[in-house]
Protein chains: 4
Amino acid sequence: MEQQMYDPIDTASRILRAAEKLFAEQGFKETTMRQITTEAQVNLAAVNYHFGSKSGLIHAVAEHTLEPLCADIEQALASQGHKHNVALEPLLNILASALIRIHRGNSYALSVLMRCLEQAYRSNQSELQAFLLQSYGKRLNVFLHHLRAGSGVTDEREFFWRLHFLLGSIVFTLSNLHALVALDTPGGEAAAEIEPVLKRLVPVITAGMQAPVQPGVI
Amino acid sequence: MEQQMYDPIDTASRILRAAEKLFAEQGFKETTMRQITTEAQVNLAAVNYHFGSKSGLIHAVAEHTLEPLCADIEQALASQGHKHNVALEPLLNILASALIRIHRGNSYALSVLMRCLEQAYRSNQSELQAFLLQSYGKRLNVFLHHLRAGSGVTDEREFFWRLHFLLGSIVFTLSNLHALVALDTPGGEAAAEIEPVLKRLVPVITAGMQAPVQPGVI
Amino acid sequence: MEQQMYDPIDTASRILRAAEKLFAEQGFKETTMRQITTEAQVNLAAVNYHFGSKSGLIHAVAEHTLEPLCADIEQALASQGHKHNVALEPLLNILASALIRIHRGNSYALSVLMRCLEQAYRSNQSELQAFLLQSYGKRLNVFLHHLRAGSGVTDEREFFWRLHFLLGSIVFTLSNLHALVALDTPGGEAAAEIEPVLKRLVPVITAGMQAPVQPGVI
Amino acid sequence: MEQQMYDPIDTASRILRAAEKLFAEQGFKETTMRQITTEAQVNLAAVNYHFGSKSGLIHAVAEHTLEPLCADIEQALASQGHKHNVALEPLLNILASALIRIHRGNSYALSVLMRCLEQAYRSNQSELQAFLLQSYGKRLNVFLHHLRAGSGVTDEREFFWRLHFLLGSIVFTLSNLHALVALDTPGGEAAAEIEPVLKRLVPVITAGMQAPVQPGVI
DNA sequence: GATGAATGAGGCTTCATTCAT
DNA sequence: TATGAATGAAGCCTCATTCAT
């Protein structure tokens with residue numbers, strides 16, 4: 001009759017959630033298959049059955065975060081009508097809102113996202129890079145074009161660098177969110193609320209992006 | 001009889017240099033002892049003999065970068081006399097100059113430094129954190145106090161967060177310097193010059209730090 | 001409702017054909033159940049359902065080749081009337097013709113047969129040996145008796161060894177037919193025609209079998 | 001003082017001997033690292049330390065047989081003076097004598113050799129093939145040229161096929177020597193003496209090689 | 001009949017470390 | 001001071017099989 005008395009969530013989902021948690025907390029390389037299968041209460045071979053390999057599992061976890069994130073951003077951009085020039089701060093708020101929504105649905109998603117971004121520039125991670133680029137390159141590029149138009153930075157190279165400076169702020173902050181919140185509220189058992197942090201972050205990024213360009217550089 | 005006819009640099013130094021290079025390029029965990037000893041042309045057991053363990057080697061490599069960096073910063077601060085309030089941009093230039101000098105002396109030092117900072121907020125890296133805190137906590141705090149005074153940010157928590165936002169910019173940028181420079185100069189074989197990048201970074205950080213504080217947050 | 005609109009061949013046959021192909025190309029041990037079920041476009045569990053186990057499948061594949069081969073040889077012998085002494089070369093031609101006919105009906109059959117013969121003398125393959133012996137021992141022995149009578153080799157042990165020497169020629173040649181044909185016709189895309197090879201083989205075997213016996217051996 | 005009370009043979013040799021035995025008895029693929037290290041009473045990781053991988057161990061085992069075999073044949077050829085035409089039977093006796101000597105020094109060597117030759121024509125064993133070809137291709141070719149000259153077979157393709165027919169006899173016989181000897185002397189505990197078998201084999205091969213060529217084939 | 005899911009056993013390899021010399 | 005050898009733990013992956021449906 002009823003099927004899984006003791007198994008309300010299916011195995012693949014359990015693996016995915018366990019992997020998300022452990023990848024978020026420890027990183028991809030640092031997390032072992034055994035940790036994942038123990039956490040998920042699943043046989044070690046089940047990962048291979050459902051995801052092919054550890055690498056396949058990483059891809060699935062990445063998709064699980066990036067897919068809804070891209071969709072959220074695209075929807076927000078679309079609702080802005082076809083204005084070709086959205087200002088910087090509204091764009092950053094679109095991003096921040098998307099991040100917040102993702103985070104609400106899945107408290108590990110942002111950490112996973114940040115782990116991906118960390119790897120995205122590592123020379124020895126070409127496989128993950130290729131996957132990310134192929135799956136999400138175009139979609140993220142759309143947002144980047146808006147960002148560049150809204151930034152007011154005319155020089156292409158200056159924009160490139162500022163983009164990564166500020167990407168660094170985001171990645172570093174959200175990657176270490178738990179630790180930073182713990183430092184911020186010593187003694188307190190404060191949950192790692194993302195919203196106030198992003199509220200602090202957006203104006204800093206905006207100001208950084210719009211800082212006057214050093215004359216000698218360009 | 002005599003030992004190193006062909007060995008002008010001693011074993012420990014060779015290990016240290018090899019480890020620095022590989023840690024910088026690949027990260028601590030990703031680098032194996034065998035890679036290090038192969039690069040250093042040294043016996044596998046020599047690392048444990050000279051440094052006790054891989055962890056000990058990491059500490060030594062960290063010291064090799066952090067010690068001169070702290071000294072450089074302290075000297076620069078001292079030469080400013082005992083003005084208690086140095087402005088933000090001069091402080092950042094002190095930091096940038098120190099980083100540049102370190103980089104000139106040892107092209108892997110900054111990458112190693114960034115690897116350390118990446119780990120400094122990871123919950124599963126308590127051992128490295130304890131080492132860094134004990135060895136350099138006080139010395140770095142001096143600079144942080146200057147920074148806070150110069151930042152103009154009166155609220156302590158706001159300063160805390162902005163500090164880490166901007167630390168993120170630095171860490172992310174310098175960690176991925178090679179990849180970013182490669183993206184910036186496609187086709188070109190540009191050496192990863194750090195100086196122009198820092199020149200771009202300082203005004204962005206300055207502006208970010210001095211952004212108007214969001215009214216609702218505090 | 002109706003089951004195989006799109007499935008003109010039934011599952012068991014599809015498995016058998018896929019297994020034949022893969023066993024022929026790769027060997028029994030080297031071929032995995034997953035390869036077989038993928039090739040057959042069949043569920044992984046279907047093999048065990050229809051054949052009980054991998055071992056059972058191997059038996060079925062062996063039968064699929066050996067049964068018609070034995071029947072063919074028996075028929076040819078019967079058509080020779082009840083002459084008790086058929087000469088060696090006609091006997092070998094009976095065998096060659098049988099092999100050729102089998103091959104025409106099923107291009108993987110001979111490779112499978114050779115794989116079986118390879119295993120037939122391996123000490124760790126007692127299960128397959130027992131199966132072959134029980135199923136085909138008597139029938140093949142009939143042919144062997146004819147062969148011995150026709151060989152002209154009077155000494156039983158000498159016949160035993162010569163039989164296996166020449167069996168080796170056949171097994172080795174037909175097992176590696178593809179590779180050998182490829183070496184024989186470099187550049188050419190020659191299909192692995194078995195007939196000309198057997199035409200070359202029969203006289204060699206005949207001569208070998210009828211070589212003068214070394215005086216000292218017996 | 002004395003070094004290895006319990007370890008008179010060094011680890012690498014013990015591994016090599018154990019691997020030789022098991023490869024000879026079971027084949028390369030069928031033999032597991034664990035069987036080898038158990039037989040050699042050695043840690044599982046020791047194989048990797050000394051030979052790099054299972055594949056590296058297979059290469060070493062192959063070398064251990066092929067090197068002395070080639071050397072033996074070369075020496076025998078050299079002692080024939082510079083006669084450019086040695087007759088077929090003397091050549092086969094050179095080969096047989098070499099095989100016998102190898103076998104005396106190492107009772108598993110011939111089985112290993114035959115395992116190599118079995119794989120030498122398998123399409124999925126390109127790595128082993130490449131190794132064998134590179135290491136011994138030239139040396140074995142010298143012997144093959146003598147063989148061709150001595151065979152009296154003028155047509156190149158006919159020689160190619162006859163060579164492999166007769167190679168098949170050798171490979172099959174020596175591969176299954178234990179089983180065949182057991183069948184030959186039922187009840188007896190006869191050691192697998194190779195010499196009488198080769199004495200029976202040489203005239204058969206000689207006759208086969210010199211069989212009249214089928215008119216229609218060439 | 002047939003299947004998707006799951007599993008335990010076992011495969012090879014890699015790692016940091018330690019030991020005896 | 002230095003080293004070649006050895007090791008136990010752990011890594012990921014693959015296999016044939018079985019189970020519930």
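**Group meeting: contacts to DNA strand E and aromatic pairs between chains**

Let me begin with a single contact, in which a phosphate oxygen of DNA strand E sits 2.9 Å from an N or O atom in the side chain of B:Lys54. Please keep in mind throughout that this is a predicted model, and that the distances I quote are computed from it.

A second contact to the backbone of the strand comes from chain D, where a polar side-chain atom of D:Arg34 is placed 3.2 Å from a phosphate oxygen of DNA strand E. The bases are also reached, since we can point to A:Tyr49, whose side chain has an N or O atom 3.3 Å from a base nitrogen of DNA strand E. If we then take the atoms of DNA strand E that come within 4 Å of the protein, 65% of them are sugar or phosphate atoms, with the rest belonging to bases.

How many residues surround DNA strand E? There are 29, and the closest are A:Thr11, A:Asn43, A:His50, B:Asn48 and C:Asn43. Sorted by class, the surface near the strand holds 15 polar residues, 11 nonpolar ones and three charged ones.

Which elements supply that surface with at least two residues each? They are helix H3 (44-51) of chain A, helix H3 (44-51) of chain B, helix H3 (44-51) of chain C, and, from chain D, both helix H2 (33-40) and helix H3 (44-51). The largest share, four residues, is provided by H3(A).

I would now like to turn from the DNA to the aromatic rings, for which a search of the whole structure gives 16 aromatic pairs over all chains. One of these is formed by A:Tyr121 and B:Phe172, in an edge-to-face arrangement with 5.5 Å centre to centre and 80 degrees between the planes. This pair joins two chains, because A:Tyr121 lies in the loop between helix H6 (109-119) and helix H7 (126-151) of chain A, whereas B:Phe172 belongs to helix H8 (residues 156-175) of chain B. Are these two residues buried or exposed? A:Tyr121 is buried, at a relative accessible area of 18%, and B:Phe172 is buried as well, at 6%.

Another edge-to-face pair is made by C:Phe172 and D:Tyr121, with 5.5 Å centre to centre and 80 degrees between the planes. It crosses between chains, running from helix H8 (residues 156-175) of chain C to the loop between helix H6 (109-119) and helix H7 (126-151) of chain D. Here C:Phe172 is buried with a relative accessible area of 5%, and D:Tyr121 is buried with 16%.

Finally, within chain A, ring pairs link A:Phe160, A:Trp161 and A:Phe165 into a cluster.

Technical notes. Residues numbered from 1 in each chain as written. Chains lettered and ligands numbered in written order. Predicted model: local features only at pLDDT ≥ 70, side-chain atom pairs only at ≥ 80, totals over all residues. Heavy atoms only, no water. Near = heavy atom within 4 Å. Polar contact = N/O pair within 3.5 Å; in protein donor to acceptor, adjacent residues only side chain to side chain. Nonpolar A, V, L, I, M, F, W, Y, C, P; charged D, E, K, R; others polar. Phe/Tyr/Trp six-rings, centres within 6.5 Å; stacked < 30°, edge-to-face > 60°. Buried < 20%, exposed > 50% of the residue type's maximum accessible area, 1.4 Å probe, protein only.
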